[in-house]
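This note is addressed to a colleague in the first year of study. Please keep the sequence and the model at hand while reading the numbered points.

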Amino acid sequence: MDIPRTPQDKPLLRRRWLRLALAVLALLALLMAGLRARPSELSVRSSSLVIAAVERGPLTLNLRGSGSLLPSEVRWITTQAEGRVDRVEVQAGSRVKAGDMLLRLLNPQLLQKVEESRWSLQQAEAELRALQSSLDSSLLNQRASLQRAELALRSAELQWAADQELLKDGMVSKLAYQRSQFNVEQARQNLALERELLERGVGNGQAQRAAKQAAVARLAKALQRDQELADALTLRSPIDGIVQELALQPGQAVLPGASLAKVARADALYAEIQVQEAQARDLAPGLNASVDLRSGAADGVIAGVVSRVAPKVSNGVVKVDIQLLGALPRGARPDLSVDGTIELARLDDTLQVQRPAFSQGDSSAQVFRVGPDGMAERVPVQFGAAAVSRIVVKQGLKLGERIVVSDTSSWRLLERVSIQQ
């Protein structure tokens, strides 16, 4: 059964809601007061911090990346013929000169083929000489026949001329005169035929000689190719350098086209470093750079210049090639790990500070500014271009002010921190 509320109950409910609201407000006020009171409770010693002052002056904008030294000239040694490793003369890491033997392969079938090719060539050359002799004899006979035909024509013409004179005197019959005339015509036709036979004989001889010479040339080329394959069984270094790879053992079979060894020049190296894609925007060939070999020696840093920037990003980085200038120090060798620094630009006069931890160029951030009373207060800052160790200050800080540049990520809930000496 429902009990109706009386008008006397409403003030009582209103007072309850009012007390509850006042309690919530009091709790919030205490929480805010507690938060504001916490900074004053945190105190750190200055020796555990890195504090830097805002300065004005020139600034070199650069970026840094790591990588390794690579040889500028690398030669892969491949085999042209199938074979088995007979002898290995050097190992990986050995210094070699151009022409030094690296290893030798064995292929008896190929050597036998070279001998067979040589015999075939010798046979073809002998046949060519025999053909030449035969053609010379045939040509000589043809010329002799031509000469006989010329003499026969001349004799017939003389006889015909004599018969003409005798016919006038009636000393020969007309039949004998006509026979002499017929002999002249026959001799002329024989001479024309011999001349044509000689021309055709010369042409035929040239064709036979050319065909045989082509066959000899083909066999000579085959012998040359087989000889080159046989010579390639001995693999030699094409350049002065260091053997980078060679992992063959005697008796091991290799196929044509297989890469058997790698030789690189030791005195021509360049650095390939990897730069984060976010920092690679201003990279271009021609920028000055330096390469640190991580040796700690005085000559461990080499000047260089950017020679190539990769056209694409691979795994979040951009590969940059640095051409090294000057002589390489002792210990510089391929695949040595290095650090590269590339100079992007120079600012003559700018407000700058040591780069705070986790700061980024051209971004907004909050830093702790250290006051004269030793209190570090959180302030907003607008950073500009950044170098490896310094960054440009656009807004938020003045010349001479000091900020905490070490890691302050553990202070993210604090506004003020007391710094003790």
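1. A residue is called buried when its relative accessible area is under 20%, exposed when that value is over 50%, and partly exposed in between. The model discussed here is predicted. With the cut-off in mind, consider S418: at a relative accessible area of 12%, S418 is buried, because that value is under 20%.

2. The surroundings of S418 deserve a closer reading. S418 belongs to strand β21. Leaving aside residues up to four places away in sequence, S418 touches L42, S43, V44, G374 and M375. One of these, M375, has S418 as its bridge partner in β21.

3. Which strands does β21 pair with? Strand β1 (residues 43-45) runs parallel to strand β21 (residues 416-420), and 3 bridges join them. Within this region, R45 stands opposite Q420 in β21. Strand β18 (residues 375-386) is joined to β21 by 3 bridges as well, but here the two run antiparallel. As a general point, the strands of a sheet pair through backbone hydrogen bonds, in either a parallel or an antiparallel sense.

4. The overall inventory and shape come next. The protein chain contains 3 helices and 21 strands. Its radius of gyration is 51 Å, whereas a compact globule of 421 residues would have a value near 22 Å. The C-alpha trace spans about 185 × 65 × 65 Å along the principal axes of the chain.

5. Burial and surface may be read together. Of the 421 residues in the protein chain, 33% are buried. The chain exposes about 26600 Å², and carbon and sulfur atoms supply 51% of that area. When contacts between residues at least 6 apart in sequence are considered, 76% join residues at least 24 apart.

6. The charges should also be noted. The protein chain carries 54 positive and 46 negative charges, and the mean positions of the two groups are 10 Å apart.

7. One open sheet consists of 4 strands in the order β8-β7-β5-β10, with antiparallel pairing. Its edge strands are β8 (234-236) and β10 (253-254), each of which pairs on one side only. Strand β5 (residues 83-88) pairs with β10 in the antiparallel sense over 2 bridges. In this pairing, R84 has A253 of β10 as its bridge partner.

8. Another open sheet of 4 strands follows the order β4-β11-β9-β6, and its pairing is antiparallel. Why is one side of β4 (74-78) and of β6 (95-96) left without a neighbour in the sheet? Both stand at the edges and each has a single partner strand, so one side of each remains without a neighbour there. Elsewhere in the order, strand β9 (residues 241-245) and strand β11 (residues 259-264) pair in the antiparallel sense over 3 bridges. There, the bridge partner of V243 in β11 is V263.

9. Finally, is K174 buried or exposed? K174 counts as exposed, because its relative accessibility is 56% and the cut-off for this class is over 50%. The residue is found in helix α3 (residues 174-231). K174 and D163 are 11 residues apart along the chain, and their C-alpha atoms are separated by 9.0 Å. The contrast with point 1 is worth retaining: S418 is buried, whereas K174 is exposed.

How values were computed. Residues numbered from 1 in each chain as written. Predicted model: local features only at pLDDT ≥ 70, side-chain atom pairs only at ≥ 80, totals over all residues. Heavy atoms only, no water. Rg over C-alpha atoms; globule rule 2.2 N^0.38 Å. Buried < 20%, exposed > 50% of the residue type's maximum accessible area, 1.4 Å probe, protein only. Contact = heavy atoms within 4.5 Å. Areas by Shrake-Rupley, 256 points an atom, 1.4 Å probe, with all protein chains shown as cover. Lys, Arg positive; Asp, Glu negative; His and termini not counted. Charge placed at Lys NZ, Arg CZ, Asp CG, Glu CD. Pairing = 2+ DSSP bridges.
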